[in-house]
Every structure is written in C-alpha cells, then in structure tokens.
Amino acid sequence: MKDLIKSIIDSEIIDVNLYMKEAELFKNKIVNGEHIHDIFINFAKEETLHISALKIILKEEYKHNNFEVKVSNSLRKTLRVHLMREGESIRVYENLITKIGNDKYKETISEIIFQENWHYKTMKKYLLSIGLK
C-alpha cells in the first residue's frame, strides 16, 4: 500500500505543477482567462492538500521526485489531459480506499475522491463548452 500512496503523491505533484503552469499560461492567452486561471489555481491548492493528507496516511517521510512538466498551448488539449488524469486519479483513489482499514483515513480519501470528481466534471464541462474536436 505504501508504494501505491507514493505513486499517488507523485501523480498529485505532477497535477499541481500542471495546474500552476497552465493557470499562468491561459490567464492572458484566452478570453475569460482569469476565470480558468482561478479555477486551475484552486485545483492546484486542493491537489496540494491531497498530498499533505497522503503523507499523513503514509506515516513515513517521503522525498518525492521533482517532475518537470510540459504544458500545451491549447486549452482543448489541456482539458483533455486533465480529464484523463482526473479520471485516473478517481480510479486509483477508489482502489486505495479498499486497502485502508482506518475509518478516519477512509473518510479523508472519500473527500479526496469527491474533489477529484468535481475536477473531472469541471474539465468535462469546459471541454464540452469549447467543443470536443
């Protein structure tokens, strides 16, 4: 289970880095970019809280990797990537919750799944609004 948690932490770190870079990229690049910026910054903050919660559940120090991420200049491609990543996060967290015995930790993971579902639905809504292509 510890390896699973560590891999989830690594994935969340990638998400934080993506959201932060993309927030700045799209802020002035697109119409209503401020709105996308604010949403992406909020999602990055939530992903950071997920990392903190996972480190508590892990119960050991974890020196995570620093990941260099490349972002797309296309909002459509960006939304597709996040839709895929958030969907995978939901599946991984649903797998993790079956391996945890502590009820408090299960509740924490359930809250994270709820947030990841919100991220997924938000990405899908924006992708549908600009056209799937």
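**Group meeting: charged residues, the core and helix H4**

Let me start with Glu60, which counts as partly exposed because its relative accessible area is 31%. I should say at once that what you have in front of you is a predicted model, and please keep that in mind for everything that follows.

Glu60 has a partner, namely Lys2, and in the salt bridge between these two residues the closest N and O atoms are 2.9 Å apart. Lys2 belongs to helix H1 while Glu60 sits in the loop between H2 and H3, so this pair ties together parts that lie 58 residues apart in sequence. Lys2 itself, at 41% relative accessibility, is likewise counted as partly exposed.

How many salt bridges does a search of the whole structure find? The search finds five, and I will go through some of them. Lys21 forms a salt bridge with Glu68, and here too the closest N and O atoms are 2.9 Å apart. This pair again links distant parts of the chain, with Lys21 in helix H1 and Glu68 in the loop between H2 and H3, 47 residues apart. As for how open the two residues are, Lys21 is partly exposed at 35% relative accessibility, whereas Glu68, at 68%, counts as exposed.

Another salt bridge joins Arg91 to Glu88, with 3.2 Å between the closest N and O atoms. Both of these residues lie in helix H3, three residues apart, which is about one turn of the helix. Arg91 is partly exposed at 48% relative accessibility, and Glu88 is partly exposed at 38%. Where salt bridges share partners, they join Lys2, Lys6 and Glu60 into one network.

Let me turn now to charged residues on the inside. In general, side chains of opposite charge can pair when their charged atoms come close. Glu12, which is found in helix H1, residues 2-27, is buried yet has no salt bridge, and the nearest side chain of opposite charge, that of Arg85, is 7.1 Å away. A salt bridge needs the nitrogen and the carboxyl oxygen within 4 Å.

Which residues, then, is Glu12 in contact with, once its neighbours within four places in sequence are left aside? They are Glu47, His50, Ile51, Leu54, Tyr93 and Glu116. Glu116, in helix H4, is also buried without a salt bridge, and for Glu116 the nearest side chain of opposite charge is again Arg85, at 8.9 Å. With sequence neighbours within four places left aside, the contacts of Glu116 include Glu12, Glu47, His50 and Tyr93, and they also include Glu86, Ser89 and Ile90.

And Arg85, the residue named in both cases? Arg85 lies in helix H3 and is buried, because its relative accessible area is 18%, under the 20% cut-off. Apart from neighbours within four places in sequence, Arg85 is in contact with Ser11, Ile14, Asp15 and Leu18.

That brings me to the nonpolar interior. The largest nonpolar core has 35 residues, and those with the most contacts inside it are Ile9, Phe40, Leu54, Tyr93, Leu96 and Ile109. The elements that give two or more residues to this core are H1, H2, H3 and H4, and the largest share, eleven residues, comes from H2. If you would like one residue to look at, take Leu54, which, not counting residues up to four places away in sequence, touches Ile5, Ile8, Ile9, Glu12, Tyr93, Leu96 and Ile109.

I will finish with helix H4 itself, residues 103-130, whose 28 residues reach 41 Å from the first C-alpha to the last, close to the 40 Å expected at 1.5 Å a residue. What caps the N-terminal end of H4? Asn102 does, with a side-chain oxygen 2.8 Å from the backbone nitrogen of Lys104. After H4 comes Gly131, with a positive phi, near 100°. Among the buried residues of H4 are Tyr105, Ile109, Ile112, Ile113, Glu116 and His119, and what covers the buried residues of H4 includes H1, helix H2 and helix H3.

Conventions
Residues numbered from 1 in each chain as written. Predicted model: local features only at pLDDT ≥ 70, side-chain atom pairs only at ≥ 80, totals over all residues. Heavy atoms only, no water. Helix = DSSP H or I, 4+ residues; strand = E, 2+ residues; numbered from the N terminus. Buried < 20%, exposed > 50% of the residue type's maximum accessible area, 1.4 Å probe, protein only. Lys, Arg positive; Asp, Glu negative; His and termini not counted. Contact = heavy atoms within 4.5 Å. Expected span 1.5 Å × (residues − 1). Polar contact = N/O pair within 3.5 Å; in protein donor to acceptor, adjacent residues only side chain to side chain. Core = buried A, V, L, I, M, F, W, Y, C linked by side-chain atoms within 4.5 Å.
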